[in-house]
Amino acid sequence: YEVWMLFLKVLGLYPKGSVVELSNQSIGFVVSVPKAEEELDRPVVAVVRNEYGEDLDHHELVDLHEMLDISITRDLDCQETFGNNALDVFMGIEVA
């Protein structure tokens, strides 16, 4: 148990770079992992695709610790979500 908790503290429940779907159906990359154990499921996410499935040019940072009405519904496979462009999408994140 202690090893697992240490692992979670270091990487987080959703490690940086993870692709996640939010409860508002938008998709984003985890860009910051919370330090507190009780907040590991509420990282900061850069939204790259809106709820209509449209890719965004400017990306909003959503701090799930502060925006309690939004949550992560599932993690996604980056290859299935973005195909061969996953790294390009991640590297092209521009925060509005």
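Serine 32 sits in strand β2. Strands (E, at least two residues) and helices (H or I, at least four) are DSSP runs, numbered from the N terminus. Serine 32 is partly exposed, at 31% relative accessibility. Partly exposed lies between buried, under 20% relative accessible area, and exposed, over 50% (1.4 Å probe, protein chains only). The C-alpha atom of serine 32 is separated by 8.9 Å from that of aspartate 63, and the two residues are 31 apart along the chain.

The model is predicted: local features need pLDDT of at least 70, side-chain atom pairs count only at pLDDT 80 or more, and totals for chains, interfaces and linings use all residues. Residues are numbered from 1 along each chain as its sequence is written, and side-chain values use heavy atoms, with hydrogens and water left out.

The protein chain contains three helices and five strands. Their order from the N terminus is α-β-β-β-β-β-α-α. The C-alpha trace spans about 40 × 30 × 20 Å along its principal axes. The radius of gyration is 13 Å, which agrees with the value near 12 Å for a compact globule of 96 residues. This radius is taken over C-alpha atoms, and the globule rule is 2.2 Å times the number of residues to the power 0.38. Buried residues account for 36% of the 96 in the chain.

The loop between β1 and β2 holds glutamine 25 and serine 26. Glutamine 25 has a phi near 70°, a positive value in a residue other than glycine. Its relative accessibility is 47%, so glutamine 25 counts as partly exposed. Serine 26, in contrast, is buried at 2%. The side chain of serine 26 makes a polar contact of 2.6 Å with the side chain of asparagine 24. A polar contact is a pair of N or O atoms within 3.5 Å; within protein, one must be able to donate a hydrogen and the other to accept it, and residues adjacent in sequence count only if both atoms are side-chain atoms.

Histidine 59 belongs to strand β4 (residues 55-63). Its relative accessibility is 5%, so histidine 59 is buried. A polar atom of the histidine 59 side chain lies 2.9 Å from the backbone oxygen of leucine 56.

Two salt bridges are present. The term denotes a side-chain nitrogen of Lys or Arg within 4 Å of a carboxyl oxygen of Asp or Glu. In one of them, glutamate 21 meets arginine 74 at 3.0 Å, N to O. Glutamate 21 is in strand β1 (residues 19-22) and arginine 74 in strand β5 (residues 72-76), so the bridge ties together parts 53 residues apart in sequence. Glutamate 21 is buried, at 17% relative accessible area. Arginine 74 is partly exposed, at 43%. A salt bridge also joins aspartate 55 and arginine 49, with the closest N and O atoms 2.7 Å apart. Here the acid, aspartate 55, is exposed at 53% relative accessibility. Its partner arginine 49 is buried at 16%.

Aromatic contacts were examined next. A pair of aromatic rings is described by the distance of the centres and the angle of the planes. Rings of Phe, Tyr and Trp (its six-membered ring) pair if their centres lie within 6.5 Å; planes under 30 degrees apart count as stacked, over 60 as edge-to-face and the rest as tilted. Two aromatic pairs result from this rule. The rings of phenylalanine 29 and phenylalanine 82 are stacked, because their centres are 5.5 Å apart and their planes at 15°. The pair links distant parts of the chain, 53 residues apart: phenylalanine 29 is in strand β2 (residues 27-32) and phenylalanine 82 in helix α2 (residues 78-82). Phenylalanine 29 is buried, with 3% relative accessible area. Phenylalanine 82 is buried as well, at 9%. Phe29, Phe82 and Phe90 form one aromatic cluster.

Phe90 also contributes to a nonpolar surface patch of about 330 Å², together with Leu87 and Met91. Patches are made of residues with over 30% relative accessible area and no salt bridge; like charges are joined within 9 Å, and nonpolar side chains (Val, Leu, Ile, Met, Phe, Trp, Tyr) within 5 Å. Accessible areas come from the Shrake-Rupley method with a 1.4 Å probe, and for residues only the protein chains shown count as cover. Methionine 91 is placed in helix α3 (residues 86-91). Its relative accessible area is 61%, so methionine 91 is exposed.
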